[in-house]
Amino acid sequence: MSSIPSSYRASSFVGAKKIKIIDKPTPQPGAGQLLIKVGANALCGSERPQFFDGTTVTPGHEATGVVVAAGPGTRTAIGTAGAVFLMDFCGTCRSCKLGFTHQCLQKRGDMGFNKDGGYGQYELVHESIFFPAPGFTATEATLLLDIMGTGGHAIERCQLMRPDIESVLVLGAGPIGLGVLAMAKIILGQQVKVYLTDIVPYRLELAEKLGGLPINVAKGSIKDGLKAHGTDAADIAVDTSGKQAAREEGHRALAQRGSLICVGHGEGIALKISPDIIAPERSVVGSEYFRFDEMPANLRRLTAHRSYLSQIITHRFGLDEIQKAFDLFFAGETGKVMIEQ
Ligand SMILES: [Zn+2]
Ligand SMILES: [Zn+2]
């Protein structure tokens, strides 16, 4: 560990939308652990509470980097580049044994939420949650996490609900919504129509660039928007907005046998059992992050669709500019925003 400094620079979210850069002692990897030199970490809407209210840990759960030190019992070579999975899963519980590593029953923690994450120069991780991704830049490799991982898992949940998907309605064209759009096109096929709702023209333009059909809900209802695109209903809706009004309107815009997949945390939903659920056999399903074992397929998809997916990343900042990055991101006129080191 001779070239690794004894302390490193990390961001401290102090609350009231203020971020400072502080020094932290560099941790040494213990048994089964790796020390990562962080190369990039993407900003996420789920960091809103940390940005507004502050936190004692270093946030950042969409980190990629290079292994610079490895603890006893590990097999990953120094110099390996890869991405860090958010959930520090146990690997041995009933869920993990079946591959449901995002539903671990004895999770050691969540990186960037209750364990130090990627908005610092280094991050200490268990080897089990480090996914090697050679041949990509640190920034490109972040696409494997919330964009492709969360987006792709949501599409898998859609496929579980109905096998004959011809159209998808994505509620909210923020980064997760754009990820769902991209993964719908990649996994289900280019012929599948993907409608996206939002009120921010910048996001709707970006969605259109990625092959989506925009619906500006500041100007009319979802039904009106679908009609303008030549249809009355969507086979599947995926909510990334977390808004009750969007969920309910999206559910009502579903065809028979349609399903609403909820990805965005936040508000609730109120439905009528007979007209909304029983008669049309519609459902409401949750989709939380993704399984670690979905990453190899997504790595192959990233290789095949590298430049298409990279369009989702619209802004890049250094660690010193993290305040500026967050101010811009939560103003709403961005795709994915990156902290690069
Ligand atoms: Zn996230
Ligand atoms: Zn587990």
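User: Let's start with the metal. What spacing do the donors of the zinc ion (ligand 1) follow along the chain?

Analyst: In this predicted model, the donors of the zinc ion (ligand 1) follow the pattern C-x16-H-x84-D. The pair His61 and Asp146 links distant parts of the chain, 85 residues apart. His61 sits in the loop between α1 (48–53) and β4 (63–70), and Asp146 in helix α4 (residues 146–161).

User: Which atoms coordinate the zinc ion?

Analyst: Cys44 lends its SG, His61 its NE2 and Asp146 an OD, at 1.7 to 2.2 Å.

User: Is His61 buried or exposed?

Analyst: The cut-off for buried is under 20% relative accessible area. His61 has 3% relative accessibility, so it counts as buried. Asp146, at 5%, is buried too.

User: Okay, now the core. Which residues touch the most other members of the largest nonpolar core?

Analyst: The general idea: in soluble globular proteins, nonpolar side chains tend to be buried together. Here the largest nonpolar core has 66 residues, and Phe85, Val168, Val238, Met295 and Leu309 touch the most other members. Helix α5 (residues 175–188) gives the largest share of this core, nine residues. There's also a second, separate core of 14 residues, with Phe329 and Val337 among them.

User: How do α4 and α5 cross?

Analyst: Look at their axes: those of α4 and α5 come within 8 Å and cross at roughly 60°. That angle makes α4 oblique to α5. The crossing is right-handed. Where the two helices meet, α4 brings residues including Asp146, Gly151 and Ile155, while α5 brings residues including Ile176, Val180 and Met183. Asp146 is also one of the residues coordinating the zinc ion.

Note on methods: Residues are numbered from 1 along each chain as its sequence is written. Chains are lettered from A and ligands numbered from 1 in the order in which they are written. This is a predicted model: local features need pLDDT of at least 70, side-chain atom pairs count only at pLDDT 80 or more; totals for chains, interfaces and linings use all residues. Side-chain values use heavy atoms; hydrogens and water are left out. Donors are N, O and S atoms within 2.8 Å of the metal (3.2 Å for Na, K and Ca); water is not among the atoms, so sites may look incomplete. Helices (H or I, at least four residues) and strands (E, at least two) are DSSP runs, numbered from the N terminus. Buried means under 20% relative accessible area, exposed over 50%, partly exposed in between (1.4 Å probe, protein chains only). A nonpolar core is a set of buried Ala, Val, Leu, Ile, Met, Phe, Trp, Tyr and Cys residues joined through side-chain atoms within 4.5 Å. Axes are lines fitted to C-alpha atoms, for helices over the stretch in contact, and angles run from 0 to 180 degrees between N-to-C directions. Angles under 35 degrees count as roughly parallel, over 145 as roughly antiparallel, 65 to 115 as roughly perpendicular and the rest as oblique. A crossing is left-handed if the near helix is turned anticlockwise from the far one by less than a right angle, and right-handed if clockwise. Contact means heavy atoms within 4.5 Å.
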